[in-house]
2 protein chains.
Amino acid sequence: MQVVNHVRTMIVNGTLKPGDQIPPERDFARQLNISRATLRTGIGYLAALGVMKIKHGVGTFVADGPPDFGRDSLTFIGALHGFQSWQMFEARILLETALAALAAERGKEEHHAALAEEVAEMFAMVDKPNEYLVHDVVFHRIIAQASGNPILAAIMETVVSSMYDKRRKTVEWATDLRESAEMHREIYRAVRARKPQDARKMMERHLRMAQAAQGMEKPAGKRLSNAAEPTSVAHALSTTC
Amino acid sequence: MQVVNHVRTMIVNGTLKPGDQIPPERDFARQLNISRATLRTGIGYLAALGVMKIKHGVGTFVADGPPDFGRDSLTFIGALHGFQSWQMFEARILLETALAALAAERGKEEHHAALAEEVAEMFAMVDKPNEYLVHDVVFHRIIAQASGNPILAAIMETVVSSMYDKRRKTVEWATDLRESAEMHREIYRAVRARKPQDARKMMERHLRMAQAAQGMEKPAGKRLSNAAEPTSVAHALSTTC
DNA sequence: AGTCTCTAGAGGTCAGACCACAGTATACAC
DNA sequence: GTGTATACTGTGGTCTGACCTCTAGAGACT
């Protein structure tokens with residue numbers, strides 16, 4: 001479509017930067033000599049990709065903040081292809097352990113400071129699960145930034161965000177947020193000490209524990225014993241993400 | 001939106017499976033009691049996510065084939081955030097080495113057979129660069145399938161597909177497709193022998209060589225010496241993907 | 001000073017018409 | 001009978017212009 005190419009050009013030119021607002025639909029459509037309906041199709045496409053954020057009654061903006069592949073994309077193709085929870089964790093562990101190792105190699109002082117800040121906040125929020133989770137997410141996001149590879153960071157963002165809803169419920173049950181905070185602290189120390197292998201190992205331990213915690217949240221009796229054989233897409237979905 | 005939720009439900013129910021055709025826009029809109037324009041917005045959203053494929057004059061279908069995150073998504077957010085070529089390769093190497101190791105652990109006979117087939121084809125096409133590339137891509141796709149983790153496979157598919165255009169040009173210059181074929185053969189043998197560490201190493205060697213080949217495609221003099229300091233988004237784009 | 005209401009401007013939806021493309025059926029010429 | 005040209009059918013693509021809903025700020029009121 002004409003719209004996406006035009007926007008792509010504006011982005012490459014630097015005419016459009018993250019956070020910028022694009023002209024109102026009516027004006028923009030007139031500029032491009034297309035109808036508003038067509039413009040909206042293109043904008044919708046870009047919004048789906050996560051390139052633009054639409055706010056009803058306010059305007060349309062170029063996405064800022066940590067890049068990702070769109071909030072819904074993984075959820076949807078996961079439903080379509082029957083992605084399983086353990087596969088999700090396998091992917092996350094692979095990505096985040098690599099990210100932690102890279103962060104230990106390449107992280108700068110600003111990242112170290114930000115990580116320390118978040119660890120402190122986590123210890124402070126040890127009995128407020130929901131607020132704890134926020135800092136947990138930010139911690140991992142800073143690690144991703146410190147890795148110096150925004151592509152891997154974007155992929156991680158996508159994977160993690162699709163697990164967020166489930167985590168928000170799980171974290172209520174979690175009893176040992178203190179232990180979780182301790183592990184984050186150890187990851188931080190390994191990154192600060194520039195010990196990639198330690199950072200990788202700590203991150204892996206942390207995530208495997210998180211995985212175990214998540215697996216327990218439902219009563220054991222509810223789970224089918226023959227889970228290896230997905231009887232239907234519906235069942236696959238219930239154990240997805 | 002109402003549309004995406006309805007389609008999600010149909011996918012979960014099994015009413016819609018990969019490859020299926022959805023009703024014509026006019027009928028579908030009437031079924032959902034919404035206007036055609038609104039329906040199209042939702043369909044466009046799903047198409048952007050890679051969940052549906054629209055064919056003008058033919059119909060709209062649920063995506064089949066190897067899952068990915070949409071053809072344009074990585075390209076776009078790459079342009080927006082100035083992703084660099086070496087970051088692309090770093091991500092690819094991380095993903096594909098892990099995939100190769102997993103394939104060596106979990107691959108089944110059917111995968112081994114398919115890999116052998118592709119290796120044979122590659123040796124046969126050693127002086128037809130474009131056809132060689134096709135089998136190259138398929139080989140890596142089979143490795144991804146054999147890994148048993150469709151999520152990682154989908155991520156790899158997205159990353160690799162965004163590099164495809166550049167590779168098609170690069171492969172013309174490549175003189176040693178025979179060497180490339182040899183490396184694929186060694187990867188195959190490691191996978192078949194169930195030696196994850198060997199598979200990982202072979203894959204890494206292969207990709208680093210590919211990276212080196214791609215880096216040489218442009219005359220050396222053209223490159224700015226001060227590339228570490230991205231002067232503009234436009235410049236960043238020129239070295240992207 | 002604080003609260004409330006109104007309003008301008010943004011995106012969201014609608015209806016119905018017409019355009020463009022792909023595949024198939026049909027008619028025609030050879 | 002075969003092959004080509006043509007018309008038709010059904011699909012997605014675009015247009016117009018009207019109306020609805022939401023958000024945030026300006027202004028009036030208390």
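How do the residues of the surface near DNA strand D divide into nonpolar, polar and charged, and what are the numbers in each class? In this predicted model, the surface near DNA strand D is made up of 7 nonpolar, 9 polar and 3 charged residues. Altogether 19 residues lie around DNA strand D, and those that come nearest to the strand are Ser35(A), Thr38(A) and Gly57(A) from chain A together with Pro24(B) and Gly57(B) from chain B. The elements that contribute two or more residues to this surface are α3 (36-49) of chain A and, from chain B, α3 (36-48) and β2 (59-62). Of these, α3(A) gives the most, with 4 residues.

The surface near DNA strand C was examined in the same manner. Here 17 residues surround the strand, and the closest of them are Pro24(A) and Glu25(A) on the side of chain A, with Ser35(B), Thr38(B) and Gly57(B) on the side of chain B. At least two residues each are supplied to this surface by β2 (59-62) of chain A and by α3 of chain B, and the largest contribution, 3 residues, is that of α3(B). By class, the residues near DNA strand C comprise 7 nonpolar, 9 polar and 1 charged.

Gly57, which appears among the nearest residues to DNA strand D in both chains, belongs in each chain to a hairpin. In chain A, strand β1 (residues 52-55) is joined to β2(A) by 4 bridges, the two strands running antiparallel, and Met52(A) has Val62(A) as its bridge partner in β2(A). The hairpin of β1(A) and β2(A) has 3 residues between its strands, and Gly57(A) adopts a positive phi near 80 degrees. In chain B, β1 (residues 52-55) likewise pairs with β2(B) in the antiparallel sense over 4 bridges, with Lys55(B) partnered by Gly59(B) of β2(B). Between β1(B) and β2(B) there are again 3 residues, and Gly57(B), in the turn, has a positive phi of about 85 degrees.

Considered as a whole, chain A contains 11 helices and 2 strands, and these follow one another along the sequence in the pattern α-α-α-β-β-α-α-α-α-α-α-α-α. Of the 241 residues of chain A, 41% count as buried. Among the contacts in chain A between residues at least 6 apart in sequence, 72% join residues that are at least 24 apart.

The two protein chains can be superposed: a turn of 180 degrees, with a shift of 0.1 Å along the axis, lays chain A on chain B with an RMSD of 0.1 Å. The two copies are therefore related as by a two-fold rotation axis. The same surface serves both copies, since 100% of the contact residues of chain A recur in chain B. In this interface, 42 residues of chain A are in contact with 42 residues of chain B. On the side of chain A that touches chain B, at least two residues each come from α1 (2-13), α3, α4 (73-81), α5 (85-106), α8 (150-173) and α11 (233-238), and the largest share, 7 residues, is that of α3(A). The residues on this side of chain A divide into 27 nonpolar, 11 polar and 4 charged.

Two of the helices that take part in these surfaces were followed further through individual residues. Leu39(A) lies in helix α3 of chain A and, because 23 C-beta neighbours lie inside 10 Å, counts as buried. Beyond its neighbours within four places in sequence, Leu39(A) is in contact with Val3(A), Glu25(A), Phe28(A), Ala29(A), Leu32(A) and Ile34(A). Val3(A) is 36 residues away from Leu39(A) along the chain, yet their C-alpha atoms are separated by 6.4 Å.

Helix α5(A) has 22 residues and reaches 31 Å from its first C-alpha to its last, close to the 32 Å expected at 1.5 Å a residue; the helix is mostly covered, with 17 of its 22 residues buried. In chain B, Ala98(B) is placed in helix α5 (residues 85-106), and it counts as buried because 23 C-beta neighbours lie inside 10 Å. Leaving aside its neighbours within four places in sequence, Ala98(B) is in contact with Leu94(A) of chain A and with Leu152(B) of its own chain. The C-alpha atoms of Ala98(B) and Leu152(B), which are 54 residues apart along the chain, are separated by 9.0 Å.

Notes. Residues numbered from 1 in each chain as written. Chains lettered and ligands numbered in written order. Predicted model: local features only at pLDDT ≥ 70, side-chain atom pairs only at ≥ 80, totals over all residues. Near = placed C-beta within 6 Å. Nonpolar A, V, L, I, M, F, W, Y, C, P; charged D, E, K, R; others polar. Least-squares fit on C-alpha atoms with pLDDT ≥ 70 in both. Contact = placed C-beta atoms within 7 Å. Buried ≥ 20, exposed ≤ 12 C-beta atoms within 10 Å, placed from the backbone. Pairing = 2+ DSSP bridges. Expected span 1.5 Å × (residues − 1).
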